[in-house]
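Good morning. I will take a few minutes to go through one structure, from the whole chain down to a few single residues. Please have a look at it first.

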Amino acid sequence: KERPNNFPPGPPRLPIWGSYWFMLKENYNFAHLALEALGKRYKTDILGVFLGDFPTVVTFSHELCKELLTRDEFTGRNDTIVTRTRSMEEKRGIFFVDGPFWKGQRWFSLRYMRDFGFGRRSEVLENSIADEIKYLLNLLDKEPDATDRDICKGRGHVLVPDIFYGPLLNSIFSILASTRFDYYELRECARAGLRFQRSGDATGAALSMTPWLRFIAPDFFGYTSVIKDNGHLLDFVRKIVDEHLETFSDDYHRDFIDVFISESTKEGQFDYKQLLMIVLDYMFPPPIAIGHTLSFYFAYIINNPHVQTKIQEEIDSIVGRQRLPNLDDRKFMPYLEASIREAVRIFPLNPLSIPRRCVQDTYLGGYFIPENTIMIPCIWTAHKDKRIWENPEEFKPERFLDEDGNLLKKDNTIGFGAGKRLCAGETFARHYMFLIVASFLQNYTIQTPTGEAVKFDIIPGINLSLKENWIKAVPR
Ligand code: HEM
């Protein structure tokens, strides 16, 4: 268990948690800040640490993060107690599988979800998203009723991102399951998902390194949430899949679940658990990833009112006030688009992306990387790399525009990952974020209920999230 020869520099390895002790000392709450600090301490763009027994390499520069994300040797994922427990003790789904199984399942799901509008322009999907956005605008314009008091305190006084949970989930379910659900039920689901991902904080990481902790203090180390909250999501998905199996007919495929049942049965490979996990892997990110990215987005434009005004001017000149914005408007609204890119850059939701696994011995940045090393691109630091970004701490959408105000073709952000494991929902996410932001700012100016700046009270987890973000939408 020696440090491998020519392994990247980093802190020593102590008993039980290896170098993790040093991370906790640097920053107990936020692993990305702890690793960034260790990178600075060792004056390196590539750090070698041991998370318990696992050799782990962290890259910080934009260049090395991009290389890590795009090279085939780093397309594996890690198999941990949490990823296993999450998928019923098997390796299933898309997120945490690798090798030929991952390739086949990723290709299959993207190929067939596309037929239902996912990842492309689609009139049917856009109309259904437009209906969800009308629901949201209506919510901003009314006093709360019994069913929405948890997200609305009064006219225009709403909780972000919780107001988006129902619409986002209904949109993805229109593709997966051709079904709409009650908004409150969907919010409860999204909140279970949020608790589950928050269990991936510092103590949750300890669980992956030393799984026996689940027998000693399951609540403290997040194991209870893995079981209970993930169980809530699985029960929800199981009900949908079982209903599909009961009513399935090969004459007409209503949605992606039907296509999965049909195609995999034809090949004699119907896998119930895989169907559950694919649905879960596509339903989890819309509320958690899009919802919380929007939450940070609104926080930034509230704290930068000049940006908000400029976006509103752009909306007024391209769309006006007589109709709602649609995706045809997107290419004529570079400033709005740039503001979304800038929010993803300055506050990447997954500051350490979703860690990869090295699938064969190789080299990176001149250092030796043994097979099975955990590979972590520190997106947080790469997005503030001064070699790429001028004044990186400043929220400045203009950095994505040329002198004539056109959107730059090249986007150096890597908040959606890169390479063959690039986020499978990026197009869906970008479409949705554009439509929500454009429709909200066309009709409202967003501020905090007190008129003060948003305080960045961040909760750690696999994703970062704001503690509680009530906003006030003031009619324009
Ligand atoms: C703003 C919203 C989102 C952000 C910031 C985000 C970010 C990410 C990141 C960083 C990864 C890891 C990529 C890598 O390893 O290189 C990822 C993977 C993934 N994302 Fe997203 N995501 C978002 C929205 C979505 C949505 C809406 C969906 C689905 C509806 C989705 C589905 C997935 C899937 C299935 C993967 C796993 C891909 C694989 O391992 O092959 N994401 N996402």
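**From the whole chain to single residues**

The protein chain has 18 helices and twelve strands. Keep in mind that this is a predicted model.

Let me begin with overall dimensions. Along its principal axes, the C-alpha trace of the chain spans about 70 × 55 × 40 Å. Why does a radius of gyration of 22 Å agree with a compact globule? Because for 476 residues such a globule would have a value near 23 Å, and the chain has 22 Å. As for the interior, 46% of the 476 residues count as buried. Contacts come next. Among those with a separation of 6 or more, 71% are between residues 24 or more positions apart.

Now the domains. The chain is divided into domain 1, which covers 1-91 + 349-382, and domain 2, which covers 100-347 + 391-475. The contact between them takes 30 residues from domain 1 and 29 residues from domain 2. On the domain 1 side, the elements that give two or more residues are α1 (20-26), α3, α4 (81-86) and α17. Which of these elements gives the most to that side? It is α3, with five residues. By type, the domain 1 side divides into 17 nonpolar, ten polar and three charged residues. The centres of the two domains, taken over C-alpha atoms, are separated by 27 Å.

Let me stay with α3, since we have just met it. This helix runs over residues 62-70, and H62, L64, C65, L68 and L69 in it are buried. What do the buried residues of α3 pack against? The partners are four strands I will name first, β1 (46-51), β2 (54-59), β5 (356-357) and β6 (362-364), and then β8 (374-377) and the helix α17 (379-382).

Next, the ligand. How many residues surround the ligand? There are 27, and the closest are P285, A289, G417, C423 and G425. Domain 1 and domain 2 each supply at least three residues of this shell. Three helices, α13 (272-283), α14 (285-303) and α18 (426-443), each provide at least two. The biggest share comes from α14, which gives five residues. Sorted by type, the shell holds 18 nonpolar, six polar and three charged residues.

Last, some backbone details. Most residues other than glycine have a negative phi, and most peptide bonds are trans. Here are three places to look at with that in mind.

One is the peptide bond that joins V160 and P161: this bond is cis, with omega about 5 degrees. P161 sits in the loop between β4 (157-160) and α7 (162-176).

Another is S178, which is not a glycine but has a positive phi, near 40 degrees. S178 lies in the loop between α7 and α8 (183-198). S178 has 15 C-beta neighbours inside 10 Å, so it counts as partly exposed.

Then there is N372, also not a glycine, with a positive phi of about 75 degrees. Where is N372 found? N372 is in the loop between β7 (367-369) and β8. Is N372 buried or partly exposed? N372 is partly exposed, because 15 other C-beta atoms lie within 10 Å, and a residue needs 20 or more to be buried.

To recap the two contact regions: α3 gives the most to the domain 1 side of the domain contact, and α14 gives the most to the shell around the ligand. That is where I will stop.

Methods. Residues are numbered from 1 along each chain as its sequence is written. This is a predicted model: local features need pLDDT of at least 70, side-chain atom pairs count only at pLDDT 80 or more; totals for chains, interfaces and linings use all residues. A residue is buried if 20 or more other C-beta atoms lie within 10 Å of its own, exposed if 12 or fewer, and partly exposed in between; C-beta atoms are placed from the backbone. Two residues are in contact if their C-beta atoms, placed from the backbone, lie within 7 Å. A residue is near a molecule or strand if its C-beta atom, placed from the backbone, lies within 6 Å of it. Ala, Val, Leu, Ile, Met, Phe, Trp, Tyr, Cys and Pro count as nonpolar, Asp, Glu, Lys and Arg as charged, and the others, Gly among them, as polar. Domain bounds come from an automatic or database domain assignment. The radius of gyration is taken over C-alpha atoms; the globule rule is 2.2 Å times the number of residues to the power 0.38.
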